Amino acid sequence: MKIRTSILVSLWCCLAWAIAAVAQDQSAVPVAGKAVLGVSVEETALVATGWRASKLMHAPVYNEKDQKIGKIDDFIVSPDGTLSVAVIDVGGFLGLGTHRVAIPVQQFDQVSPKIVLKGASKEELKKMPEFKYEA
């Protein structure tokens, strides 16, 4: 009887230890539904080489001739989660007379130290269809 009790106590201890280990492991990883939240160490290293949107907002946009052609007004993220376009304010003064255009982010030649859109001018951007926010 003593051996049987010892075995049961040992099994219960092992089970309790295993449950505690699993609970501790799962509490370290935040989960929403079934998707793991957060960024892995590898992803963090990749993201750290990018640019913060807060630093790019309202930043001037230049062409390859170092002429200021506008400024970043906003960024649009497509439904699949990718950054699709930058909305550029062209012309205007204190928000009046501003012409907004959407430029695919792939068309920017450089982002640091200046945001460069090769082959663009204020006049060409003003000829583009105006971008209007839907909601």
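In this predicted model, the chain is built from 4 helices and 7 strands. Following the sequence from start to finish, these elements come in the pattern α-β-β-α-α-β-β-β-β-β-α. Of the 135 residues in the chain, 20% are buried. The exposed surface comes to about 10,400 Å², and 62% of that is supplied by carbon and sulfur atoms. As for contacts, take those with a separation of 6 or more: residues 24 or more positions apart account for 38% of them.

Next comes the sheet. Here 5 strands line up as an open sheet, in the order 6-5-4-3-7, with mixed pairing. Strand 6 and strand 7 sit at the edges, each of them pairing on one side only. Strand 7 runs parallel to strand 3, and 2 bridges join these two strands. Looking at single residues, Val61 has Ile115 in strand 7 as its bridge partner.

Then there are the charged side chains, with a count of 4 salt bridges. One of them brings together Lys114 and Asp66, at 2.4 Å from N to O. These two come from distant parts of the chain, 48 residues apart: Lys114 belongs to the loop between strand 6 (99-104) and strand 7 (115-116), while Asp66 belongs to the loop between strand 3 (60-62) and strand 4 (68-77). How buried or exposed are the two partners? Lys114 has a relative accessible area of 31%, so it counts as partly exposed. Asp66 is partly exposed too, at 46% relative accessibility. Lys114 also has a ring for company: its charged end sits over the ring of Tyr62, 4.4 Å from the ring centre.

A second salt bridge joins Arg100 and Asp73, whose closest N and O atoms are 3.1 Å apart. Because Arg100 is in strand 6 and Asp73 is in strand 4, this pair ties together parts of the chain that are 27 residues apart in sequence. Arg100 is partly exposed, with a relative accessibility of 28%. Asp73, on the other hand, has a relative accessible area of just 12%, and this is why it counts as buried, the cut-off being under 20%. The story does not end with two residues, either, as Asp73, Asp89 and Arg100 are linked in a network of salt bridges.

Asp109 and Lys118 make another salt bridge, with 3.8 Å from N to O. That fits the rule, because a salt bridge needs the nitrogen within 4 Å of the carboxyl oxygen. Asp109 is partly exposed at 44% relative accessibility. Lys118 reaches 51%, so it counts as exposed, given that exposed means over 50%.

Finally, what about the aromatic rings? A search of the whole structure turns up 1 aromatic pair. It is made by Phe131 and Tyr133, with ring centres 5.1 Å apart and planes at 85 degrees, so the pair is edge-to-face. The label follows from the angle, because planes over 60 degrees apart count as edge-to-face. Both rings belong to residues that are partly exposed: Phe131 has a relative accessibility of 22%, and Tyr133 has a relative accessible area of 35%.

Terms used:
Residues numbered from 1 in each chain as written. Predicted model: local features only at pLDDT ≥ 70, side-chain atom pairs only at ≥ 80, totals over all residues. Heavy atoms only, no water. Buried < 20%, exposed > 50% of the residue type's maximum accessible area, 1.4 Å probe, protein only. Contact = heavy atoms within 4.5 Å. Areas by Shrake-Rupley, 256 points an atom, 1.4 Å probe, with all protein chains shown as cover. Phe/Tyr/Trp six-rings, centres within 6.5 Å; stacked < 30°, edge-to-face > 60°. Lys NZ or Arg CZ within 6 Å of the ring centre and 35° of its normal. Pairing = 2+ DSSP bridges.
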